[in-house]
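User: Got a minute to go through this one with me? I'd like to start with the salt bridges.

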Amino acid sequence: MNDEAQVLARADEILPNVIHILPIAARPFFPGQGVPLLMDAEYWAPTIEAVQESESRLIGLLLTEDDEAEKTTPEAMYRVGTVGRVHKVHEVDGKLQVLVECLQRFRVEKFIRTEPPYLARVEYLREYRGKVTEDIKAYALAIINAIKELLPLNPLLQEELRFFLDRFGPENPSLLADFATGLTSATKEEQQEILETVELLPRMEKVLTLLSKELELARTQQKIRNTVEERMEKQQREFFLKEQLKVIQQELGIAKDDRTADIEKFRERLEGLELTEEALGRVEEELEKLSMLEPSSSEYNVTRNYLDWITLLPWGRRSEDNLDLKHARKVLDRDHYGLEDVKKRILEFLALGIQRGEIKGSIILLVGPPGVGKTSIGKSIADAVGRRFYRFSVGGIRDEAEIKGHRRTYIGAMPGKFIQAMKQVGTQNPVIMLDEIDKIGTSYHGDPASALLEVLDPEQNSEFLDHYLDLRFDLSETLFVCTANQLDTIPGPLLDRMEVIQLPGYIPEEKLQIARRYLLPKQIERAGLKKRDIRIKVPVLRKIIEDYARDAGVRRLDKQLARIVRKAVVQMQEGAEPPIEVQKEDLKSYLGPAVFRDERRISGPGVVTGLAWTAMGGATLNIEAVHTHSFNRGFKLTGQLGDVMKESAEIAYGYVVSHAGRFGIDPGFFEKAFIHLHVPAGATPKDGPSAGITMASALLSLARNKPVRRLAMTGELTLTGQVFPVGGIREKVIAARRAGIRELILPADNQGDWEEIPDYIRKGIKVHFATTYEDVAPLLFSR
């Protein structure tokens, strides 16, 4: 070939300066390519018809920045493109198939028509026609070698290379560079940059860079493909070998198929179980069904899982009870300090079972503030009687299926929590703890509390029906231990089935012993230290309890001791020599400012100290009454009081006003007095009837303008002046002792509760029992 043959357009052919433009969205095209185009006939038919009617049948292919050629504008089109001659046009199903032979580069000088069919004045860019220099030849060979390396990695390129060689030779460096660009998967912007580079050497240099990237990409793809194929071949080989091995073992009688193995496994499990007739019949039906199903079917897996659950349950399998009362007492004393009345109740319950020779299933409810040891007592009961222990929390459960299981018709169905517990413990007489039973919820999924009625009813749970098993299972030998912080939120029918044991809060002396004997040694051991590495003396522990852990339980105390141990470990790591001795003055650096402070003593007319019960234990409550003004008569309440407490205040006000003369009050005082009664702290919600006599005493003190002596009281007041009993007497007495109050007024009907309080708590406290308010009033003021 001579130099003149290097251009596709004939040398004597004069290309027109005005041509029609066709925007292309996918990628640019290069001279020397035969391009089949597919386009929307309705939109581009006028452009193609105008090209066909022209003498030269030439069209300019311009790349556009837009993703769709139909939505582009001349502003979005690049200015350098390739002119081509339209050879064939064919319309099929609303699409135009156009074959274009690309001839030469051009640059748009100006758009004559800016709407389809586009028309533009162009300038043609001449291709390189000079001599093939050594540099050009070197680049050409490098491009050819890169293409040769690509061919084995991408066999699809072979056809395109054959087409190129049929028409041109390697000695056409310009066309070679353009052809090589078309082989790459470069972006349209990168290919457009090649098209716009008219000078040959810079263009070949850029093409070689694109080919290197393409070669690296192809090698990576090949590597990934080889890895995947090797993995697939290995898996297929292992599968075929396993299948062959399985067939050989079956022929020799060495192994059985999955179905036979499953059936034999279930029958082996049944040998040591005592299933009911109903359960045994159901198992036989399911085994017969399993023998007819294909192991690959979904029904096979459902049936297999069902049989798996049935045969793993402890039908008739029981653990032997330890009927030694001394051992039970030893375990309870080992795990818990104090709580003598609680231990007494538990030992009474166990003694009854020992007398009968067996501890039948019962339901115990442990009620108390957080951190008093309810959960650990449940574990101790299991240890004392030698039974397996299982705990789960029902707090927040809103779906009845969590208790009684899902029906087998649902995908992913499972038995309820109680059947799951039985499978895990492996015996029919475990101790099951239901934590936070007062926080169980309800929703549109059902009422879990109602579902628990069947479980916790000794008359019904011998035939507990789980929805998944659809079989009766005996839970009557299970000992259920439930925990709750309060009784108010437990449904009445559920509460009626339980034996309630109250766990009141600990007094400071009990907390001190618990910290010394249990909590501090445990934290030191957890830190990997020796007992002598940290020293905290009794006065320091007392201050920690009073200033940082005054709540009813010991959970906060345990956390504060853990903080001290952690900081002591840091000191040792930084070079301090053990033992680390914690002093009172060090507590602020270890634990920060005191969390609890001594309750401020408020005195004066109209101020009386009451006693209250909270979920955290007992507390003292200062009730204040003031005479605001005498412009009009009125009575105002503040302090976030609940409805019951507001009613108690109204009753107290009505009682004191109606009996003013009897208590030495000026008859005219209440006629014009506007009285404001406040119960601090204002941010804490309060409710309950137990502040009745306290509020009446505050009003009486205000009306007589005399301060009340240093004492505290609790009791419900009626309109006729009767003092009714209230709850939480132990917690309230502990709160009074903590506040340093040694004289109390309690309802006469609560005398039995007072006598049940241990002597070491009652010691040094004087109590007055009141039947009516007339018993209270003479005790208020100094004689």
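Analyst: Sure. Keep in mind that this is a predicted model. A good starting pair is R105 and D178, whose side chains meet in a salt bridge with an N to O distance of 2.8 Å. R105 sits in strand β5 and D178 in helix α4 (residues 173–183), so the bridge ties together parts that are 73 residues apart in sequence.

User: Is R105 buried or exposed? And what about D178?

Analyst: R105 is buried, at 0% relative accessibility. D178 is buried too, at 1%. The cut-off for buried is under 20% relative accessible area.

User: How many salt bridges turn up in the whole structure?

Analyst: The search finds 32. Another of them pairs R334 with D383, where the closest N and O atoms are 3.9 Å apart. That one runs from helix α10 (residues 325–335), which holds R334, to helix α12, which holds D383, so it ties together parts 49 residues apart in sequence. R334 counts as partly exposed at 48% relative accessibility, and D383 is also partly exposed, at 42%.

User: And what does E510 pair with?

Analyst: E510 forms a salt bridge with R730, and their closest N and O atoms are 3.7 Å apart. This pair links distant parts of the chain, with E510 in helix α17 and R730 in helix α24 (residues 729–738), 220 residues apart. E510 is buried at 3% relative accessibility, and R730 is buried at 10%.

User: Which residues are joined into one network by shared partners?

Analyst: E286, K289, E299 and R408, through salt bridges that share partners.

User: OK, pockets. How much space is in the second largest one?

Analyst: About 770 Å³. It is lined by 25 residues, and H336, G373, S376, K522 and V554 are the closest to its centre.

User: Which helix gives the most to that lining?

Analyst: α12, with five residues. Helices α12 (374–385), α17 (508–526) and α19 each supply at least two. By type, the lining divides into eight nonpolar, eight polar and nine charged residues.

User: Switching to the backbone: where are the cis peptide bonds around P117 and P579?

Analyst: One runs from P116 to P117, with omega near -5 degrees, and P117 lies in the loop between β5 (95–113) and β6 (118–125). The other runs from P578 to P579, with omega near 5 degrees. P579 is in the loop between α19 (555–573) and β15 (580–582).

User: Why bother pointing those out?

Analyst: Because most peptide bonds are trans, and most residues other than glycine have a negative phi. On the phi side, R57 has a positive value of about 55 degrees although it is not a glycine. R57 lies in the loop between α1 (41–53) and β3 (58–63), and it is partly exposed at 26% relative accessibility. N705 also has a positive phi of about 55 degrees without being a glycine. Its place is the loop between α23 (692–704) and β20 (712–713), and N705 is exposed, with a relative accessible area of 56%.

User: Last topic, the surface. Which residues make the nonpolar patch of about 270 Å²?

Analyst: I224, V228 and M232. I224 lies in helix α6 (residues 200–252) and is exposed, with a relative accessible area of 53%.

User: And L151, buried or exposed?

Analyst: L151 is buried, at 16%. It is found in helix α2 (residues 134–153). Its C-alpha is 9.9 Å from that of A218, and the two residues are 67 apart in sequence.

Notes:
Residues are numbered from 1 along each chain as its sequence is written. This is a predicted model: local features need pLDDT of at least 70, side-chain atom pairs count only at pLDDT 80 or more; totals for chains, interfaces and linings use all residues. Side-chain values use heavy atoms; hydrogens and water are left out. Helices (H or I, at least four residues) and strands (E, at least two) are DSSP runs, numbered from the N terminus. Buried means under 20% relative accessible area, exposed over 50%, partly exposed in between (1.4 Å probe, protein chains only). On a 1 Å grid over the protein atoms alone, a cavity is a set of points where a 1.4 Å probe fits but cannot get out, and a pocket is an open set with protein on both sides within 12 Å along at least five of seven lines; lining residues have an atom within 4 Å of a point. Grid points are joined across faces, edges and corners, and a volume is the space filled by probe spheres set on the points. Ala, Val, Leu, Ile, Met, Phe, Trp, Tyr, Cys and Pro count as nonpolar, Asp, Glu, Lys and Arg as charged, and the others, Gly among them, as polar. Patches are made of residues with over 30% relative accessible area and no salt bridge: like charges are joined within 9 Å, nonpolar side chains (Val, Leu, Ile, Met, Phe, Trp, Tyr) within 5 Å. Accessible areas come from the Shrake-Rupley method with a 1.4 Å probe; for residues, only the protein chains shown count as cover. A salt bridge is a side-chain nitrogen of Lys or Arg within 4 Å of a carboxyl oxygen of Asp or Glu.
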